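Subject: Structure for your files

Hello,

Here is the structure I said I would pass on. The sequence and coordinates come first, and my notes on what was found follow.

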Amino acid sequence: MALNVLVIGASRGIGLELVRQYREAGARVIATARSDEGLAALRALGATALRVDVANPASVSGLAWQLDGEKLDVALYVAGVMSRGNAKAPPTQPDFDRVLHTNVLGAMQVIPQVAPLVEEAQGRFGFISSDMGCIAGVDSCYSWTYRVSKAALNMAVAAARHDYPRAIFAALSPGWVQTDMGGPSAPTTVQDSVAALRKTLAQLTLADSGKFFMQDGQPYPGW
Ligand SMILES: NC(=O)c1ccc[n+]([C@@H]2O[C@H](COP(=O)([O-])OP(=O)(O)OC[C@H]3O[C@@H](n4cnc5c(N)ncnc54)[C@H](OP(=O)(O)O)[C@@H]3O)[C@@H](O)[C@H]2O)c1
């Protein structure tokens, strides 16, 4: 039977490619974007498009009724924003709020609405994290607000799985990827990154739930 897939934050980059590849594999895909252009790009791929701004709690709170009655084999939280800066200067309040609201608060607001639908299908709930959120072996303070947000996202995933024991939760690193965020110098194409993410997610079992996985599908040894 065709997979039921939800991708949150799919207007471009990794999210859009996830929609493309899952559609190509025959899945029924529901995907979110916050702009008219993003919604049009999703419809062009044959996805059901929902408007959600993950940094706006009122917008996120509408997701549950829009998904009423769905059973999700796969859900992915992809929306994310980057920020520069290091510990030589404090983050500004607007920049901190922008990054933490998008990368962490949005995910924490989505989980209670979407995880029960993933449990219904005994499915998988992936969260696109980053190597930059790995605490063990951190080698630079570059983009420290972003690092903090992804480390917090990993904790949200590790903790939330206890409340949804019939779903497989996973934080997933996509590698350094050629998107608007990753830039053209990134070593990995978005097609290869997404193929690896899909493979990793498909291979996980309940025993893996809550862990943080590297691009090659192995769990980070310490994080
Ligand atoms: N590229 C990399 O090298 C890399 C490495 C590690 C982790 N990641 C993570 O991978 C994920 C996807 O990044 P990407 O590389 O595909 O970046 P991207 O091309 O910049 O795309 C970011 C996506 O997030 C969406 N988004 C941002 N804020 C949002 C909001 N408030 N509400 C809804 N959607 C929002 C964007 O939508 P709009 O078009 O509306 O802005 C866009 O679809 C992010 O979580 C990122 O942190 C990327």
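A polar backbone atom of V78 sits 2.8 Å from an oxygen atom of the ligand. Bear in mind that this is a predicted model. Two side chains also come up to ligand oxygen atoms: R34 places a polar side-chain atom 2.7 Å from an oxygen atom, and in T179 a side-chain N or O atom is 2.6 Å from an oxygen atom of the ligand. On its own the ligand has 890 Å² of accessible area, and the protein covers 93% of that. The ligand is surrounded by 28 residues, and the closest are S11, R12, R34, Y146 and T179.

Y146 also appears in a helix contact, that of α5 with α6. Helix α5 covers residues 93-120 and helix α6 covers residues 144-160; their axes come within 9 Å and cross at roughly 10 degrees. Angles under 35 degrees count as roughly parallel, so α5 is roughly parallel to α6.

On the α5 side the contact is made by F96, V99, L100, N103, V104, A107, M108 and I111. From α6 come T145, Y146, S149, K150, A152, L153, A156 and A160. By type, the residues of this contact divide into twelve nonpolar, three polar and one charged.

Regards

Key. Residues numbered from 1 in each chain as written. Predicted model: local features only at pLDDT ≥ 70, side-chain atom pairs only at ≥ 80, totals over all residues. Heavy atoms only, no water. Axes fitted to C-alpha atoms, helices over the stretch in contact; angles between N-to-C directions. Helix = DSSP H or I, 4+ residues; strand = E, 2+ residues; numbered from the N terminus. Parallel < 35°, antiparallel > 145°, perpendicular 65-115°, else oblique. Contact = heavy atoms within 4.5 Å. Nonpolar A, V, L, I, M, F, W, Y, C, P; charged D, E, K, R; others polar. Near = heavy atom within 4 Å. Polar contact = N/O pair within 3.5 Å; in protein donor to acceptor, adjacent residues only side chain to side chain. Areas by Shrake-Rupley, 256 points an atom, 1.4 Å probe, with all protein chains shown as cover.
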